[in-house]
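Work through the exercises below with the sequence and the 3D view open. Each task is followed by a solution in steps.

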Amino acid sequence: MSDLFAKFDPLIAERQALLDTGVKDPFALVMEKVLSPTRAICNGRETILLGTYNYMGMTFDDDVIAAGHKALDEFGSGTTGSRVLNGTYVGHKACEEALKDFYAMDHAMVFSTGYQANLGIISTIAGKDDYIVLDIDSHASIYDGCAMGQAQIVPFRHNDVSALEKRLGRIPEGAGKLVVLEGVYSMLGDVAPLKEMVAVSKAAGAMVLVDEAHSMGFIGENGRGVAEAQGVLDDVDFVIGTFSKSVGTVGGFCVSNHPKFEILRLVCRPYVFTASLPPSVVATAATSIRKLMHGSNKRAHLWENSKRLHAGLKALGFRLGTEEPQSAIIAVIMPDLERGAAMWEALLGEGLYVNLARPPATPAGMTLLRCSLCAEHSDAVVGAILGMFENAGKATGVI
Ligand SMILES: Cc1ncc(COP(=O)(O)O)c(C=O)c1O
């Protein structure tokens, strides 16, 4: 019998070699108790959370929690069904209404995760004879959506407008074209030049989908994302997003003004062939989305946090993913995986949790310590975080 696991041997060996150096497994941390959007108990000690994507700190919002409790009491723990059968409750419709209001768009479709939203929308609208032009650093869910729909994939260099234009120019006349972009790229925390990219895509007659997973709720005057901030939201055909970041729960969505959008509910397999979100989850999401419409003070504080952490880390001598802060993600570039893991563990020892990211998830083979700030981090906490980075950086020789 052939061993189908043989292909994992190099990864198993690499992981073992890392653990043999004595570091804790950075991918097996357990949150023993979560105290707030910014604090948890890990390994028995209170830890500051700086790697949760909980940008707007909505997970412990009183109204959000109350809405979840109420829905749990009134509608039970789960729907046990697909959206197209018994799984559409008033709560799912209310959540879609909240999204339509949030984006001021005609249509909204809620999926069970953001991963499934990309998988479903991309695979359904772009099929075998169509072309998808996408940034090479796109999220796995975008690549998986392309693979599922069997469209022709045409990647272009990260955030390179002229590369996008050239690729579009080579697509056969008359073929269906979808350009897939992200507002914020989560590995380095950099923002896409959507204004130019959307213009180039529209000039070539392509439809445009933008994944705003890391920008919804935070970037743009109304938190609608990078497309709003750069003034091109009206030219974007589909916005994809998630509830697992700023919204503070779980789920995914697509919003659009396309007049035929509603047909997707019947033909999109990752929407039809899976159970819908539990009533408590859509209730928390709808409440959170409506509160995010009035989140400008929180957005302003989150920008302050991002700027302060970026400037502080730079002053300490760390190499960062972007020259200037562009989002709520600050990526600290590590010299290699070993020192990255050592630094990650030293930070945890200091009482700080960040994300360790490594290839293949990262671009250019980089090992990164990714920090994602929260609007609930106080000035004092950001100061404490910088002190922890200084201690851990010096202890591990990274600075
Ligand atoms: C750009 C992007 N799109 C989609 C997703 C998937 O979101 P979800 O966690 O809701 O599946 C993520 C999550 O990491 C993401 O970073």
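## Exercise 1: helix H13

The buried residues of H13 are Leu337, Gly340, Ala341, Met343, Trp344, Leu347 and Leu348. They span an arc of only 160 degrees around the axis, which places them on the same side of H13. The model is predicted: local features need pLDDT of at least 70 and side-chain atom pairs count only at pLDDT 80 or more, while totals for chains, interfaces and linings use all residues. Residues are numbered from 1 along each chain as its sequence is written, and side-chain values use heavy atoms, with hydrogens and water left out.

Task: check the span of H13 and describe its two ends.

Solution.

1. Terms. Helices (H or I, at least four residues) and strands (E, at least two) are DSSP runs numbered from the N terminus. Buried means under 20% relative accessible area, exposed over 50%, and partly exposed in between (1.4 Å probe, protein chains only). The arc is that of the directions from the helix axis to the C-beta atoms.
2. Pattern. An α-helix has 3.6 residues a turn, so residues three or four places apart point the same way.
3. Span. The expected value is 1.5 Å times one less than the number of residues. For the 14 residues of H13 (residues 337–350) this gives 20 Å, and the end C-alpha atoms are 20 Å apart, which agrees.
4. Start. A side-chain oxygen of Asp336 comes to within 3.3 Å of the backbone nitrogen of Glu338.
5. End. Gly351, just after H13, has a positive phi of about 100 degrees.

## Exercise 2: strand E7

Task: starting from Leu178, work out how E7 is covered and what it pairs with.

Solution.

1. Leu178 belongs to strand E7 (residues 177–182). At 4% relative accessibility, Leu178 counts as buried.
2. In a regular strand the side chains alternate between the two faces of the sheet. For E7, Lys177, Val179 and Leu181 are buried on one side, and Leu178, Val180 and Glu182 are buried on the other. Six of the six residues of E7 are buried.
3. Two strands pair if DSSP finds at least two bridges between them. Strand E5 (residues 131–135) pairs with E7 in the parallel sense over four bridges; Val133 has Val179 as its bridge partner in E7.
4. E7 also pairs with strand E10 (residues 207–211), in the parallel sense over five bridges. There, the bridge partner of Leu178 is Met207.
5. Leu178 and Leu134 lie 44 residues apart in sequence, and their C-alpha atoms are 8.4 Å apart in space.

## Exercise 3: the ligand

Task: which residues are closest to the ligand, and how much of the ligand does the protein bury?

Solution.

1. The ligand is surrounded by 14 residues (a residue is near if one of its heavy atoms lies within 4 Å). The closest are Gly114, Tyr115, Asp211, His214 and Thr242.
2. A polar contact is a pair of N or O atoms within 3.5 Å; within protein, one must be able to donate a hydrogen and the other to accept it, and residues adjacent in sequence count only if both atoms are side-chain atoms.
3. An oxygen atom of the ligand lies 2.7 Å from a backbone N or O atom of Gly114. A polar backbone atom of Tyr115 is 2.9 Å from an oxygen atom of the ligand.
4. An N or O atom in the side chain of Asp211 is 2.6 Å from a nitrogen atom of the ligand.
5. Taken alone the ligand exposes 390 Å², and the protein buries 84% of that. These areas come from the Shrake-Rupley method with a 1.4 Å probe; for residues, only the protein chains shown count as cover.

## Exercise 4: backbone exceptions

Task: locate a cis peptide bond and two positive phi values in residues other than glycine.

Solution.

1. Most residues other than glycine have a negative phi, and most peptide bonds are trans.
2. The peptide bond between Pro359 and Pro360 is cis, with omega about 5 degrees. Pro360 sits in the loop between E16 and strand E17 (367–372).
3. Asn43 has a positive phi of about 50 degrees and lies in the loop between strand E2 (39–42) and strand E3 (45–49). At 44% relative accessibility, Asn43 counts as partly exposed.
4. Ala104 has a phi near 55 degrees and lies in the loop between helix H3 (90–103) and strand E4 (107–111). Ala104 is exposed, with a relative accessible area of 53%.
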